Amino acid sequence: MSISQSSQDTLDNIIDIENVTAINVEHGSSESDFEDLSDLLILKLECWNPIHEILDSLIKQNAQNLDMICEIDKLFNKIIISPNSVIDELDKVGDCILLKMLKFFISISFKDTKGIDVVELTLNKSYLDYRNYQNGEVLVLLMKYDKKIQPRTIKYLQWQILSREGEELMIHWQKIKQDVRYNDVSKIPTEVKLFINRLHKSMKDEKHLDNVIEVVFASGSLELLKYLMKLIIEYPKKFKLITPLIMNAVRWGVFVRKGQLENFQKCFEYLVDVLSKDEINATDEEHASTTALHLADDYNEQFMVQKLLEKGASITAQNEGGRFPIKNTNYLILKQFFDTQIMKTPKRFLNDVSVWKLINSHYSHEYNLNGFIFVDLSTFECPVINEKSPNFKNLKLITYISGTPRLSRLIDHPIIAIMLELHWTLFMKHILLDQISVISMLITTVLFVIKYSIKSLISQDLCEVLSYVIAGITSVFLFGEIVKNYSLFHLMVVKLKQGWSKIRKSIKMPTNLQQECYLIQDPPYLPCYQTVTSIFLKIPLFILLILFAVYDCDHNTCKQTIGVGIILLAVNTTLLIAYYNQTVAHYVIMFLYVAYNGLNFILSMFLIIFGFAIGLFMLIDNFRYENTNNFKAGNNSDWESIGLSTLRALVMSTGELEVSSLEFHAVTSYIVFVFFIFVIPIVFFNLLNGLAIEDISMIKKEAMYWYRKTQLTVLIEFQQFHTKINKIMKCIPDIDISIYPNVIGDQSFIGIEPGSRKIFAMSGLKMEDRKLIGILSKNALMNAQEILQNFH
């Protein structure tokens, strides 16, 4: 932290006088702002107040400290959820909750030994004018309550700060320090002396300093915060905090008093500007993995979330439950934050825009950074723990974003696309390991072609031996694919069983125990892409290749095998090419997207098509596909004819009517057929075209979105599978596709040259400080340029 210092404001100038044991209750106001108590009592006589009830129960029991902790905890929880109006209600004799509480605690000498500061909470939530209420009795009791604590006026000091009296006295104190007329301490007003004295003595105790900081945030006292932070920074050995400042600010920001929200926001902005990035990501001892961003997200405080993100709070830090701090974060806030990480100026190394313009104009030959786009990825670093290097859990975070419907569209954001493409570049180095089955299929196919090319040149026995050798090699690869697929499929089965077990337990267990289930960490990412492609594309093709090797080429089964196998081989080969070429992958996903829409429509309208098929089958004698001889001989069953009729109806929906070959025998058949032409070929087919094609720009956008999701799926599955293989077979070297720090460097800062689309890891501004790490796709570059144009 860095803050301006004043030579005149040191501890030597701090006023040190004796504690005051009494307070002038007449000071501060000449007349009461409080309502007439008699009127208030008349309204409240019949009201039931649960807090008063708990207090009355405690007073009757007159419990000892150890026995009453549970009841105090219950009282604390009741106060924290009660509205301010309930806190300020009086009982039948006109006693407020705080007055009754202080009398009871003082009578039994109760001290807060379990960290349940119910007095502080009540002070914060109460809006009674305690200076005028009951002739200031509450303020006198606040001083007596802490008589065994130094300073004994800590609670009274908290009341002064919460009532904004402390802020006014601090402003007065700051003016006094700047006024040369107040060189004589005796001329300083007594109330200012007392307040500064209480404040400094409270700060010497860690717990009391935390208590003061808490009410400073709750009251939005900016001048007090500045003053306290100045002393904490200048004298770190004398003034120590138990809880980090940023954690206190977020926690007590929830309890901001009425009308002080704007003041609290000013305090929070000031604090965030002063603290360093490490201090923003600080954690307390009680929850070692929970950051301030986790708390702000839990409280759904979007203002604090936004300010923390702007300062560099880590979004990849996971708490004890493995949760990222963006569970409740607004989509627009997170998108805007991602946008700000794409910039025209390398702010990591240079903040001054004018200097940057000078470098580009006069020293462009030395730096050659003109037109570069810069991206800061440091926010994806986890906070440093135990002096170790920060983790970079970006794939886990992207998986979480992709699986959250509210945030899933961010997966196509340029900053995420850049990280995915850098991971993909590393993955492509190991593509042969992941796609060895497809490559083996291509090699086997080539061997078959060679075999049948030289079939006439070798003996029949040798040809059969060669066929069985190829079939054996193919069987080995088939076994490897099944083992790989079984490993992935088994993980899915295990997770499904675990999920079903949790559902059964949640149904059987009592309601009060069901909440414990929510503490269970979310299951890891389930593999899908590898399993689907293996079961439906790769394993069937392997089986067909083995059958092709066993049967003779002239056998009818062999021809069927070739027909189906060529289709599967073409699909597998196209998917393999899609790994290398993003354009092919994009078109494949566009094709699947359009096919999905078309299939949905056909299935929705299938009953209508089937109805017309049956109707025309009955009305037109030769509507079904069969020759006249078979029809007269009765060789076709009714079910076969209905199937053929349905197939012909589907074909005719494309416009292939062949009306001249149909035999009409009744007026009804003409009417139904005309209606069929209108409904199916005209309306149905044109509507199908429209739904399938839609807006081409929207289809491209959707295809890129699904491309990123597929890319992420492949990367996660590859990482999980080979991690498991490495654990089983120690001899296999580790496969690392992480990009930090070996790719993007310790600075986590990259530059993109728009012309060549090259991505450089940057440790400085000069050419020797750059390292080429990849090529960015055109789509991601265009999106980044659009963000720069709109945002800046």
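Q: What does "buried" mean here, and are D91 and K100 buried or exposed?
A: Buried means under 20% relative accessible area, while exposed means over 50%. This is a predicted model, so keep that in mind throughout. D91 falls under the cut-off, and K100 does too. So by that definition both residues count as buried.

Q: How far apart are N and O in the salt bridge between D91 and K100?
A: Side chains of opposite charge can pair when their charged atoms come close. D91 and K100 also belong to a network of salt bridges that takes in D56. For the D91 and K100 side chains, the N to O distance is 3.0 Å.

Q: How many residues apart in sequence are the parts tied together by K155 and D117?
A: The side chains of K155 and D117 form a salt bridge, with N to O at 2.7 Å. K155 sits in helix α8 (residues 154–162), and D117 is in the loop between α5 (97–107) and α6 (118–125). The pair therefore ties together parts whose separation in sequence is 38 residues.

Q: What are the relative accessible areas of K155 and D117?
A: The cut-off for buried is under 20%. K155 counts as buried because its value lies below that, and D117 is buried too. The numbers are 4% for K155 and 13% for D117.

Q: Which helix holds R708, the salt-bridge partner of D412?
A: The closest N and O atoms of D412 and R708 are 3.8 Å apart, and both residues are buried. D412 lies in the loop between α21 (394–403) and α22 (414–428), so the pair ties together parts 296 residues apart in sequence. R708 itself is in helix α33 (residues 696–728).

Q: How many salt bridges does the count come to?
A: The rule asks for a side-chain nitrogen of Lys or Arg within 4 Å of a carboxyl oxygen of Asp or Glu. D412 and R708, at 3.8 Å, make the list. The count comes to 17.

Q: Where does I454 sit, and is I454 buried, exposed or partly exposed?
A: I454 is in the loop between α24 (436–453) and α25 (460–508). I454 belongs to a nonpolar surface patch with I443, V446, L447, I450 and L457, and together they have about 540 Å² of accessible area. Its relative accessible area of 32% lies between the 20% and 50% cut-offs, so I454 is partly exposed.

Q: Which strands are at the edges of the sheet?
A: The open sheet has 5 strands in the order β1-β2-β3-β4-β5, with antiparallel pairing. An edge strand pairs on one side only, and that description fits β1 (342–343) and β5 (770–775).

Q: Which residue in β4 is the bridge partner of E753?
A: Strand β3 (residues 749–753) pairs with strand β4 (residues 758–762) in the antiparallel sense, over 4 bridges. In β4, the bridge partner of E753 is K758.

Q: How much of residues 288–320 is helix?
A: UniProt, in an unreviewed entry, places the feature "repeat: ANK" at these residues. The end C-alpha atoms are 8 Å apart, and strand makes up 0%. The helix share is 52%.

Q: What share of the protein's residues is buried?
A: The protein has 34 helices and 5 strands. Its accessible surface is about 41100 Å², with 58% belonging to carbon and sulfur atoms. Of the 792 residues, the buried share is 46%.

How values were computed: Residues are numbered from 1 along each chain as its sequence is written. This is a predicted model: local features need pLDDT of at least 70, side-chain atom pairs count only at pLDDT 80 or more; totals for chains, interfaces and linings use all residues. Side-chain values use heavy atoms; hydrogens and water are left out. UniProt positions are given in the numbering used here, feature names are shortened, and annotations may be inferred rather than shown by experiment. Helices (H or I, at least four residues) and strands (E, at least two) are DSSP runs, numbered from the N terminus. Patches are made of residues with over 30% relative accessible area and no salt bridge: like charges are joined within 9 Å, nonpolar side chains (Val, Leu, Ile, Met, Phe, Trp, Tyr) within 5 Å. Accessible areas come from the Shrake-Rupley method with a 1.4 Å probe; for residues, only the protein chains shown count as cover. Buried means under 20% relative accessible area, exposed over 50%, partly exposed in between (1.4 Å probe, protein chains only). Two strands pair if DSSP finds at least two bridges between them.
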